[in-house]
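Good morning, colleagues. I would ask you to look at the sequence and the structure on the screen while I take you through them.

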Amino acid sequence: MRLYKLLPILLAPLLWLSGCALFPINSISPGMSREEVVSRMGTPTAVVPLSQGSRLQYSGQPGGQYAFMVDLDAAGRVVSVRQVLDEADFQRIELGKWTRADVLREFGRPAFVERVASWPGEVLTYRWYGIQDMFYWVYVDGNQVVQKAHPGVEERPSMVPVMP
């Protein structure tokens, strides 16, 4: 009868360790070398040059709702680590100023790149989690400049079978 009281205490460390395994980014800290990051995180989805070093991108797109950016200085040491698919980071996009290259540098590869009849360029779609599953759409014109950007709810189809 007492086991039910001990169960949460016994399971807590296992849950914490499983979280570390699912998101090894939690084990990355400033000062680590590029080699240490790659040994823990694996091969990045992209490596982007920055003015003072480089950025290792670890994107979960198209299925995941995260994109981790690991910024390295010129010596190849970690300066910062952050998850960028969130409302605060999306608000940094400057309409009419940012280009497609800026968006890819800051957020990594999108889940989808689409064209729609009502827009003369590409629409970059990012999947992220806000208060629920979300999309963030970035509209790039023919000159590769961002003209519109906004969030939307990711509607998922119902799993309820339809009766004939």
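The protein is built from 4 helices and 8 strands. Read from the N terminus, the order of the elements is α-α-β-β-β-β-α-α-β-β-β-β. Please keep in mind that this is a predicted model. Of its 164 residues, 35% count as buried. The protein exposes about 10,200 Å², and carbon and sulfur atoms supply 61% of that area. Among the contacts with a separation of 6 or more, 33% are between residues 24 or more positions apart.

Let me turn to the interior. In soluble globular proteins, nonpolar side chains tend to be buried together. In this model, the largest nonpolar core has 17 residues. Which of them touch the most other members? They are Leu85, Phe90, Ile93, Val103, Phe107, Tyr126 and Val138. The elements that contribute two or more residues to this core are β3, α4 (100-107), β6 and β7. Strand β7 provides the largest share, 4 residues. Apart from this core lies another, of 11 residues, including Ile28, Met41, Leu56 and Leu72.

Phenylalanine 90 deserves a closer look. Setting aside residues up to four places away in sequence, phenylalanine 90 touches Leu85, Phe107, Tyr126, Trp128 and Tyr136. Phe90 also belongs to a cluster linked by ring pairs, together with Trp98, Phe107, Tyr126, Trp128 and Tyr136.

That brings me to the aromatic residues in general. Across the whole structure, a search finds 10 aromatic pairs. One of them joins tryptophan 119 and tyrosine 139: the ring centres are 5.5 Å apart and the planes stand at 75°, so the pair is edge-to-face, given that planes over 60 degrees apart are classed that way. This pair links distant parts of the chain. Tryptophan 119 lies in the loop between β5 (112-115) and β6 (122-129), whereas tyrosine 139 is in strand β7 (residues 133-140), 20 residues apart.

Are these two residues buried or exposed? Tryptophan 119 has a relative accessible area of 15% and is therefore buried; tyrosine 139, at 12%, is buried as well. The cut-off behind both statements is a relative accessible area under 20%. Tyrosine 139 has a further partner: the charged end of lysine 148 sits over its ring, 4.4 Å from the centre.

I now move to a hairpin. Strand β3 (residues 67-73) and strand β4 (residues 78-83) pair in the antiparallel sense over 5 bridges. Leucine 72 has valine 78, in β4, as its bridge partner. There are 4 residues between the two strands of this hairpin, and glycine 76 in the turn has a positive phi of about 85°.

What is serine 33 in contact with, leaving aside its neighbours within four places in sequence? Its contacts are Gly76 and Arg77, and Gly76 is the turn residue just mentioned. Serine 33 is located in the loop between α1 (3-22) and α2 (34-41). Its relative accessibility is 11%, so serine 33 counts as buried.

Proline 30 is found in the loop between α1 and α2, and offers a contrast in accessibility. With a relative accessible area of 61%, proline 30 is exposed, since the cut-off for that class is over 50%. Leaving aside neighbours within four places in sequence, proline 30 is in contact with Val78 and Val79. The C-alpha atoms of proline 30 and aspartate 71 are separated by 9.2 Å, although these residues are 41 apart along the chain.

Finally, two points of backbone geometry. Where is the cis peptide bond that I should like you to note? It joins glutamine 61 and proline 62, with omega about 10°. Proline 62 is found in the loop between β2 (53-59) and β3.

The second point concerns glutamine 144, in the loop between β7 and β8 (146-153). Phi of glutamine 144 is near 70°, a positive value in a residue other than glycine. At 34% relative accessibility, glutamine 144 counts as partly exposed.

To close, I would return to strand β7. This strand gives the largest share of the largest nonpolar core, and β7 also carries tyrosine 139, whose ring lies under the charged end of lysine 148.

Terms used. Residues are numbered from 1 along each chain as its sequence is written. This is a predicted model: local features need pLDDT of at least 70, side-chain atom pairs count only at pLDDT 80 or more; totals for chains, interfaces and linings use all residues. Side-chain values use heavy atoms; hydrogens and water are left out. Rings of Phe, Tyr and Trp (its six-membered ring) pair if their centres lie within 6.5 Å; planes under 30 degrees apart count as stacked, over 60 as edge-to-face and the rest as tilted. Buried means under 20% relative accessible area, exposed over 50%, partly exposed in between (1.4 Å probe, protein chains only). A charge sits over a ring if NZ of Lys or CZ of Arg is within 6 Å of the ring centre and within 35 degrees of the ring normal. Two strands pair if DSSP finds at least two bridges between them. A nonpolar core is a set of buried Ala, Val, Leu, Ile, Met, Phe, Trp, Tyr and Cys residues joined through side-chain atoms within 4.5 Å. Contact means heavy atoms within 4.5 Å. Accessible areas come from the Shrake-Rupley method with a 1.4 Å probe; for residues, only the protein chains shown count as cover.
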